[in-house]
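Me: I'm new to this one, and I'd like to get a feel for its sheets. Could you walk me through them?

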Number of protein chains: 2
Amino acid sequence: MTVELICVGTELLLGNIVNTNAAFLSEQCAMLGLSMYYQSVVGDNPGRLEHLLRMAKERSDIIILCGGLGPTQDDLTKETAAGVMGKSLVEDQQAKEEIQSFLAKRGHAITENNWKQALVPEGCRVLYNPNGTAPGIIMEEADTCVILLPGPPNELIPMFEEQVYPYLCDLQPEIICSKMVKLCGIGESMAETKILDLINAQSNPTVAPYAKTGEVHLRITAKAENESQAYALITPVEEELKNRFGDLIYTDDPQVTLEMAVAELLQKYHLTVTTAESCTGGLLAGRLVNVPGVSESFKEGYITYSNEAKEKLLGVSHDTLLRYGAVSSQTAAEMAEGGAKSAGADLGVAVTGIAGPEGGTKEKPVGLVYISCYCRGKVYTEKNLYTGSRSKVREYSVASALTLLRKTILNEVKE
Amino acid sequence: MTVELICVGTELLLGNIVNTNAAFLSEQCAMLGLSMYYQSVVGDNPGRLEHLLRMAKERSDIIILCGGLGPTQDDLTKETAAGVMGKSLVEDQQAKEEIQSFLAKRGHAITENNWKQALVPEGCRVLYNPNGTAPGIIMEEADTCVILLPGPPNELIPMFEEQVYPYLCDLQPEIICSKMVKLCGIGESMAETKILDLINAQSNPTVAPYAKTGEVHLRITAKAENESQAYALITPVEEELKNRFGDLIYTDDPQVTLEMAVAELLQKYHLTVTTAESCTGGLLAGRLVNVPGVSESFKEGYITYSNEAKEKLLGVSHDTLLRYGAVSSQTAAEMAEGGAKSAGADLGVAVTGIAGPEGGTKEKPVGLVYISCYCRGKVYTEKNLYTGSRSKVREYSVASALTLLRKTILNEVKE
């Protein structure tokens with residue numbers, strides 16, 4: 001089955017916002033095994049939207065529209081789509097009540113134009129929206145299905161996941177299931193090389209690698225008549241991936257991030273950690289604190305941007321800084337150990353490097369970053385050379401630091 | 001003049017990447033005063049691309065294509081576009097030499113398919129690419145202009161800014177100039193209300209507000225015959241905005257971020273600062289360290305996620321924590337002052353709050369964040385209640401902390 005995406009909004013055509021909805025919906029449709037050949041963006045202009053919609057009806061089985069369901073005069077997606085499908089709009093009582101209670105809960109007055117949002121095409125399915133005032137809509141015809149979703153991602157994403165995804169699953173003659181394993185500490189091309197035979201031999205299930213900063217995600221997707229048959233196809237491939245990548249796999253749960261996996265290990269083994277950051281300047285700690293409840297394991301962290309702070313807060317020796325410089329494996333190691341000791345933590349993870357754009361030399365170029373992890377008397381240190389902008393170098397450094405922290409914990413608990 | 005955007009890449013249709021190029025190019029075209037009515041995404045499929053391109057030729061004056069200029073067999077944007085424009089491909093000697101030297105510099109071997117990238121449509125303008133191996137291309141016909149750009153943003157952005165923007169400026173009968181003023185410490189709707197008369201009365205120049213996290217950017221755009229006439233239209237509006245918003249404007253330079261503006265103030269007044277973070281867990285320091293060269297003013301920072309760390313590192317009193325709790329104006333104030341004293345800095349900025357999703361109570365709900373700034377004996381404290389996800393609450397907290405830091409410096413130096 002083919003699916004086509006039409007995002008409606010002048011703010012997209014003016015470049016005021018980035019179209020993250022398109023990426024989200026495309027990824028979801030790919031997971032469902034739907035083929036997407038076209039995405040379009042049009043403004044809040046009924047003539048152009050109608051033209052596009054008629055073309056989409058000719059060439060695609062499913063059309064997903066997002067945006068333009070707001071209460072104002074410009075918002076005409078619903079009116080236009082209903083017109084193209086030959087439906088008139090009728091008031092939906094439940095939608096009306098939900099809009100009323102949504103606004104009342106927030107202490108907002110109801111204005112006359114809010115009732116426009118309770119109008120729906122006759123005979124459609126209404127997707128009620130607990131996160132906003134615009135309900136979503138599914139309109140079905142013999143050979144076309146048109147799905148309307150609100151534009152704000154915090155409304156669109158839960159509505160899609162909870163109501164549209166299961167609906168689209170049911171539309172498919174076969175079901176599509178997928179599993180994801182996430183790797184850290186290996187590059188995309190190396191990961192791909194290790195499974196090239198699987199990728200080349202694949203038809204059902206398929207394996208596809210996705211590169212993220214400092215991570216590689218592998219998605220295994222299978223088509224089958226039912227879920228148990230699909231997982232029966234997936235499981236041996238997943239086992240094979242686990243054999244090949246071993247500890248490089250940090251999770252097989254798509255919701256789990258690298259920082260969550262690290263926080264879980266810390267908690268499981270009752271370990272505490274501290275951070276000692278120079279060029280990342282708090283971003284590593286910031287990622288750990290992304291995890292709600294990490295406070296049991298992570299109580300304090302240090303940003304030591306100056307040499308004086310490295311000496312004072314972490315006890316890095318003056319001599320080390322003089323002899324090897326702030327960006328050196330020696331300094332990184334002392335930062336990690338000193339941080340752990342200052343904080344009274346089991347582990348200390350340290351980052352020191354040259355993020356650029358200035359400050360590089362021939363011996364120590366921009367992108368040179370040392371990462372150390374101390375754990376109970378032992379220090380593991382890594383030297384990395386990253387390319388890219390200041391922010392890219394810092395992002396990669398944070399991912400590598402989390403990866404080294406994870407490796408250190410795994411080494412420690414194995415012994 | 002109308003412009004249309006076609007992004008080519010299966011990775012966009014699969015949702016593997018977010019289409020930031022579309023946002024960048026749309027914003028640039030809006031600044032140029034070009035009207036964009038359609039954006040599309042297609043895969044690396046010559047049939048569908050050709051179909052779209054023929055349609056775009058009918059309805060738009062300028063067509064910008066990006067992506068699909070790589071060296072591999074799938075990359076067919078150039079071949080397809082040349083076909084639609086009725087041009088054959090010829091080798092461009094300079095492109096060939098530049099590809100050779102680009103690869104040689106990086107120690108990469110040249111493979112046979114790299115030479116494909118030196119082929120260009122006959123009679124076109126070649127946009128040489130110092131950041132990659134794919135040159136950009138401009139093809140002109142009587143009533144259509146087709147522009148091909150490489151997909152990677154680090155190649156596309158400089159090529160557009162340096163070579164395409166000036167070209168498009170010259171195409172226009174009138175020139176478009178714009179200026180941006182950036183505000184912090186005021187919400188979008190409040191900012192809009194303050195200039196509603198200007199927005200309603202506008203034709204040339206126009207004023208448009210753009211909401212960013214914790215900031216509002218106002219862009220003034222004028223059309224005129226030449227640059228000096230355009231700026232003559234812009235200047236009085238800019239002066240009026242400066243009158244109305246005063247110190248809320250932190251810059252009129254589009255390249256300057258809030259953290260850069262704060263870092264500049266610190267440097268200008270020879271002030272040092274430290275950070276003391278609880279719920280933001282290093283993100284505030286991380287944003288300051290975005291600024292290269294901030295090390296003069298920011299030497300160290302503290303992440304004090306636990307109460308013990310707040311006492312130990314910042315000297316927050318045990319009694320304050322017991323009586324008012326970690327999330328209170330009293331604790332925030334003591335964190336800011338204690339941080340400044342521990343670090344020996346002139347200023348201390350502190351954040352403590354409940355980022356969620358758990359941990360809220362009726363008295364202290366999720367989203368409650370206290371921000372304090374200490375400067376030479378005085379403490380300024382703000383109470384905020386943010387809505388949104390954990391990461392949104394943390395992002396807003398960081399923006400507010402930078403805003404309060406800026407306000408504190410301005411107050412301090414005025415006296």
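Reply: Here come a few questions about the sheets, with answers.
This is a predicted model, where local features need pLDDT of at least 70, side-chain atom pairs count only at pLDDT 80 or more, and totals for chains, interfaces and linings use all residues. Residues are numbered from 1 along each chain as its sequence is written, chains are lettered from A and ligands numbered from 1 in the order in which they are written, and side-chain values use heavy atoms, leaving out hydrogens and water.

Me: What makes strand E9 and strand E11 of chain B a pair?

Reply: Two strands pair if DSSP finds at least two bridges between them. Strand E9 (residues 175-184) and strand E11 (residues 215-224) of chain B share 10 bridges, so they count as a pair, in the antiparallel sense. In one spot, B:Ser178 stands opposite B:Thr221. A strand here is a DSSP run of E, at least two residues long, numbered from the N terminus (helices are runs of H or I, at least four).

Me: Which strands are at the edges of the E10-E11-E9-E12 sheet in chain B?

Reply: Strand E10 (206-212) and strand E12 (249-251) of chain B, as each pairs on one side only.

Me: Why does one side of strand E17 of chain A have no neighbour in the 10-strand sheet?

Reply: That open sheet has mixed pairing. Strand E17 (378-385) of chain A stands at an edge with a single partner strand, so one side is left without a neighbour, and likewise for strand E17 (378-385) of chain B.

Me: How do strands E13 and E14 of chain B run, parallel or antiparallel?

Reply: Parallel, joined by four bridges; B:Ala276 has B:Tyr302 as its bridge partner.
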